[in-house]
Amino acid sequence: MGVLLPLTGTNAHLGQEMLTATRMAMNSPTAPPLDVHDTAAPGATAATAAQAAVTAGDGLILGPLTTDDTARAATIATAAHIPMLAFTSDMSVAQPGVWTLGIAPEQQVRRMVLAARQQGRQHFVAFLPDNRLGRALGQALQQVCEENGLQSPQIMFHDSTQASIITGLKTLSAYETRASAVVQPDATTQPAAPDAPAAPRVDAAVDPANPDSAPAPSASDQPAPPPAPAAAPEFPAPPFDALLLGDTGLQLGMVINALTETHVDSAHVQIMGPGLWGAFANKLSALQGAWYAAPDPATRQTFVQQFMARYHHMPTPLADLTYDSAALVKALDQARPAGSPNGYSVQALTRPEGFGGVDGAFGFLENGKTRRDLAVFQILPSGGSRIVIPPAGKLRRSAN
């Protein structure tokens, strides 16, 4: 089994830990041998590493790590009819025989759209940053809506200035039309407040609990209480009931400001975002009620404990991917049909029930897409998040 990882250079710390997790999964006498190639070695590329794996007769390739390296190595692997399990989350490089194991925007969007649809949401839109993640989220929303018979979503991309973000969200939410429909209260037609009942008189205008004190001021000496403010007029809902966002960091703060200014909130709209929000959900109280899709962290606890006991530090999420890929390869190799050189046939890799993994169930389709069983998390009013729709514990056969 070929393993293509950056073991030197700027990503060496990631590659070395991923290789460690691979060896951890393969820690048995019957596991297939590893043929390891450094994609960042002097004079090496992902393509040359893939060619070396082909030349060595490897039956399957794990890796490489990045989108660009995957695209280069895929050309070599597919020409040699060798399956490849890459570790990028960019499904644009997936194709028959090449699967991406990273938790992809498409998987997250699919999980949230189907959950929102079950709750009656029908009109989806997206307001996204004009970058690779934003484009991937927008493409995924378009595809998932089309596959499920939903109205084609309006997708708007924005740049990084507060003014343009507010302008864009006003356009998307039909703010001017909604604002013109707000009925403003007329102060001259407000009914007068009823007279307050007269307070009982106390002789000599003194405090009966302290008769030696100075006389208490009479009611006539007290300033009149300010009139109760009129209730704020209700702002009409926007022309959508589900909104997909894709920003993080400072730009997400700008988007939150724009949501407030344009009266787009969770009372009328299910706001959804990328799984990256999970890393700083405790700072997102302003987005209470919003969703993101990600693996249930409880599913990886056993792996984390085993890894820490052996290597004395917390594994990165990328280590989950290499451990899972190596574990499934070992399982397939042990179950290979008699007379076959290995168990890595397309039929075996794309079995409908998929595989159990550190981050939950996952599986492969023949077109190169990867399915995942994700949970839906909701942002809490005080920040942080909780699971509101748990993972199914298995792959849904209807997932596409």
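## A lysine in a loop

Lys 369 sits in the loop between β11 (362-364) and β12 (370-372). Helix and strand labels here follow DSSP runs, with helices being H or I of at least four residues and strands being E of at least two, numbered from the N terminus. This is a predicted model, where local features need pLDDT of at least 70 and side-chain atom pairs count only at pLDDT 80 or more, while totals for chains, interfaces and linings use all residues. Residues are numbered from 1 along each chain as its sequence is written, and side-chain values use heavy atoms, with hydrogens and water left out.

Which residues does Lys 369 contact, leaving aside neighbours within four places in sequence? Lys 369 is in contact (heavy atoms within 4.5 Å) with Met 91, Trp 99, Glu 106, Gln 143, Glu 147, Gly 363 and Phe 364. The C-alpha atoms of Lys 369 and Val 93 are 9.7 Å apart, although their positions lie 276 residues apart along the chain.

## The chain as a whole

The protein chain has 11 helices and 14 strands. Of its 400 residues, 45% are buried, where buried means under 20% relative accessible area, exposed means over 50% and partly exposed is in between (1.4 Å probe, protein chains only). Take the contacts in the chain with a separation of 6 or more: 65% of them join residues 24 or more positions apart.

## Two helices crossing

Glu 106, one of the contacts of Lys 369, belongs to α4, while Gln 143 and Glu 147 belong to α5. Helix α4 (residues 105-118) packs against helix α5 (residues 132-147) at about 45°, and their axes are 9 Å apart. Axes are lines fitted to C-alpha atoms, for helices over the stretch in contact, and angles run from 0 to 180 degrees between N-to-C directions. That angle makes α4 oblique to α5, since under 35 degrees counts as roughly parallel, over 145 as roughly antiparallel, 65 to 115 as roughly perpendicular and the rest as oblique. The crossing is right-handed, meaning that the near helix is turned clockwise from the far one by less than a right angle; anticlockwise would be left-handed.

On the α4 side, the residues involved are Pro 105, Glu 106, Val 109, Arg 110 and Val 113. They meet Leu 133, Ala 136, Leu 137, Ala 140, Leu 141, Gln 143, Val 144 and Glu 147 in α5. By class, this contact has nine nonpolar, one polar and three charged residues. Here Ala, Val, Leu, Ile, Met, Phe, Trp, Tyr, Cys and Pro count as nonpolar, Asp, Glu, Lys and Arg as charged, and the others, Gly among them, as polar.

## The five-stranded sheet

Five strands make an open sheet in the order β2-β1-β3-β4-β5, with parallel pairing; two strands pair if DSSP finds at least two bridges between them. The edges are β2 (35-38) and β5 (98-100), each pairing on one side only. Strand β4 (residues 84-86) runs parallel to β5, joined by three bridges, and Met 84 stands opposite Val 98 in β5. Helix α3 packs on this sheet, touching β1 (2-5), β3 (61-62), β4 and β5, and its direction makes about 170° with that of β4.

Is Thr 70 buried or exposed? Thr 70 lies in helix α3 (residues 67-79) and counts as buried because its relative accessibility is 0%. Not counting residues up to four places away in sequence, Thr 70 touches Pro 64, Met 84, Ala 86, Thr 88, Val 93 and Val 98. So the bridge-paired Met 84 and Val 98 are both among the contacts of Thr 70.

## The seven-stranded sheet

The other sheet is open too, with seven strands in the order β7-β6-β8-β9-β10-β13-β14 and mixed pairing. Its edge strands are β7 (154-158) and β14 (385-389), each pairing on one side only. The twist averages 30° from one strand to the next. Helix α6 (residues 162-172) packs on the sheet, touching β6 (124-129), β7 and β8 (242-245), and its direction makes about 170° with that of β6. Helix α8 (residues 249-261) packs on the sheet as well, touching β6, β7, β8 and β9 (270-273), at about 155° to the direction of β8.

Strand β8 is covered on both faces: Ala 242 and Leu 244 on one side and Leu 243 and Leu 245 on the other are all buried. β6 and β8 run parallel and share four bridges, with Leu 243 as the partner of Val 125. β8 also pairs with β9 in the parallel sense over three bridges, and there Leu 243 stands opposite Ile 271. Further along, β10 pairs with β13 in the antiparallel sense over four bridges, with Val 376 as the partner of Ala 293.
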